[in-house]
Amino acid sequence: MLDARARELPGTSGLPLAEAGYRNLVLAPGGGPGRLTVAADLAVRVAGYDEYPVVYPRRLTLARADGRRVEREESASGPPALWDFGGGQAAQGAHCLVLGLADGPDPAGLLAVGERAAPAVSAVWGAGWAGRVLLELPATEAQFARLLGADPAGWTGMAAVTVAAPGAPRHTPADRVLINPEAYGRLSDFGRQVVVTHETTHVATRADTRAWTPLWLSEGVADWTAYRDSGRQPRQIAPELARDVAAGRLPTGLPADRDFTAGATGIAQGYEQAWLACELIAHRYGPDRLVAFYRAVGAPDGEGADRDQRLDRLLRAELGIGQAELTRLWLAEVAALNG
């Protein structure tokens, strides 16, 4: 009965769900005469996009009404699903699916951006990923933050973020991109394309990205992929960094992981520095070497290894230079922004 009810979830009409069902039911306090309360996992799989179901913790109360009907109350006991905010709508193309809300922005415009992003990413990263991207488009920034389970204040101005949906086996998550409709809506058409292509790169490289992958590399390759073939000059792509250089404020080393934390001071410069490092590698050694280096860094043998020593060794193996030499070359490119 519960599985049948799951397939009739409020708000999911029009959304392409391949399966929906409750798992791991456990009796919970809060029942009473004629009432039964359980904790459960709601497992939902989006057709054509989720290899594994996404799991949402739920609290269900079943109550008998009129001696015949059973009424159900349901609440989220973790981050909500998109459809918890109201009726859903969807737009689907060959490479992209956008899940939105009936009272939210029209998903058609975002779909067109996603349809361009996925092939652009495949042109760099090959066919080793699904070649398609799932985008979730809430109606407000507050909903965006709730989907992340985060403080809205920390995500103001963040246009999108890639998340690994809970419940899938390790290293094979059901990835999707969450769009902040307010920050995304303030971008130019070019900026929107960069953002979605950047996030799609994270989806495509998920299997090659590990905890020991430096954020300057993972964020750098995502921006490099997004700006590739844009025709933009370095000072157009890295305006904040160029202004710092003109003012005599030069970095002394590649950005640290903490420089990419939401709300961090100088986060724009961190992303621009990361892009410039990957642009340097791709320009000097070729895009294929950048991709090979990235995949080598994310290989399983990195677990437990000293990150800096391993990175230096892989740089020498893949590019023929160590980390000190890469930093020296990169600092020269940073200084050239003032040219």
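Here are some exercises with worked solutions on a predicted model.

**Exercise 1. A pair of strands**

Task: Work out how strand 5 and strand 6 are paired, and find the bridge partner of Q92 in strand 6.

Solution:
- Step 1. Locate the two elements: strand 5 covers residues 88-92, and strand 6 covers residues 96-101.
- Step 2. Look at their directions, and you will see that the two strands run antiparallel, joined by 5 bridges.
- Step 3. Follow the chain from strand 5 to strand 6: the connection is a hairpin of 3 residues.
- Step 4. Now pick out Q92, whose bridge partner in strand 6 is L97.

**Exercise 2. Helix 8 against helix 9**

Task: Describe how helix 8 and helix 9 pack, and say which residues meet.

Solution:
- Step 1. Recall what is needed: the packing of two helices is described by the angle between their axes and the distance between the axes.
- Step 2. Find helix 8 at residues 239-246 and helix 9 at residues 267-285. Their axes lie 8 Å apart, at an angle of about 95°.
- Step 3. Put the angle into a class. Angles from 65 to 115 degrees count as roughly perpendicular, and therefore helix 8 and helix 9 are roughly perpendicular to each other.
- Step 4. List the partners. Helix 8 brings P239, E240, L241 and D244, which meet A268, Q269, E272, Q273 and L276 of helix 9.
- Step 5. Sort this contact by class: 4 residues are nonpolar, 2 are polar and 3 are charged.

**Exercise 3. Helix 11 against helix 12**

Task: Do the same for helix 11 and helix 12, starting with the angle at which their axes cross.

Solution:
- Step 1. The axes of helix 11 and helix 12 (residues 323-336) cross at roughly 75° and come within 8 Å.
- Step 2. That angle makes helix 11 roughly perpendicular to helix 12.
- Step 3. On the helix 11 side, the contact is made by D308, L311, D312 and L315, while helix 12 offers Q323, A324 and L326.
- Step 4. Sorted by class, this contact has 4 nonpolar, 1 polar and 2 charged residues.

**Exercise 4. Two cavities**

Task: State how many cavities of 30 Å³ or more the whole structure holds, and describe their linings.

Solution:
- Step 1. The search finds 2 such cavities.
- Step 2. Take the largest cavity, with a volume of about 60 Å³. Its lining consists of W212, V297, G302, A305, D306, R307, R310, L311 and L314.
- Step 3. Ask which helix gives the most to this lining. Helix 11 (residues 307-318) does, with 4 residues. By class, the lining of the largest cavity has 5 nonpolar, 1 polar and 3 charged residues.
- Step 4. Move on to the second largest cavity, which holds about 40 Å³ of space. V44, V46, D50, V54, Y56, W83, L99, E136 and R176 line this cavity. Strand 2 (35-46) and strand 3 (54-65) are the elements that give two or more residues to the lining.
- Step 5. Here the classes are 6 nonpolar, no polar and 3 charged residues.

**Exercise 5. The largest pocket**

Task: Describe the largest pocket by its volume and its lining.

Solution:
- Step 1. The volume of the largest pocket is about 1,200 Å³.
- Step 2. Of its 41 lining residues, M158, H198, E199, E219 and Y271 are the closest to the centre.
- Step 3. At least two lining residues each come from strand 8 (160-165), helix 5 (189-204), helix 6 (215-227), helix 8 and helix 9. The largest share is that of helix 5, with 7 residues.
- Step 4. Finish with the classes: the lining of the largest pocket has 20 nonpolar, 13 polar and 8 charged residues.

Definitions and conventions. Residues are numbered from 1 along each chain as its sequence is written. This is a predicted model: local features need pLDDT of at least 70, side-chain atom pairs count only at pLDDT 80 or more; totals for chains, interfaces and linings use all residues. Side-chain values use heavy atoms; hydrogens and water are left out. Axes are lines fitted to C-alpha atoms, for helices over the stretch in contact, and angles run from 0 to 180 degrees between N-to-C directions. Angles under 35 degrees count as roughly parallel, over 145 as roughly antiparallel, 65 to 115 as roughly perpendicular and the rest as oblique. Contact means heavy atoms within 4.5 Å. Ala, Val, Leu, Ile, Met, Phe, Trp, Tyr, Cys and Pro count as nonpolar, Asp, Glu, Lys and Arg as charged, and the others, Gly among them, as polar. Two strands pair if DSSP finds at least two bridges between them. On a 1 Å grid over the protein atoms alone, a cavity is a set of points where a 1.4 Å probe fits but cannot get out, and a pocket is an open set with protein on both sides within 12 Å along at least five of seven lines; lining residues have an atom within 4 Å of a point. Grid points are joined across faces, edges and corners, and a volume is the space filled by probe spheres set on the points.
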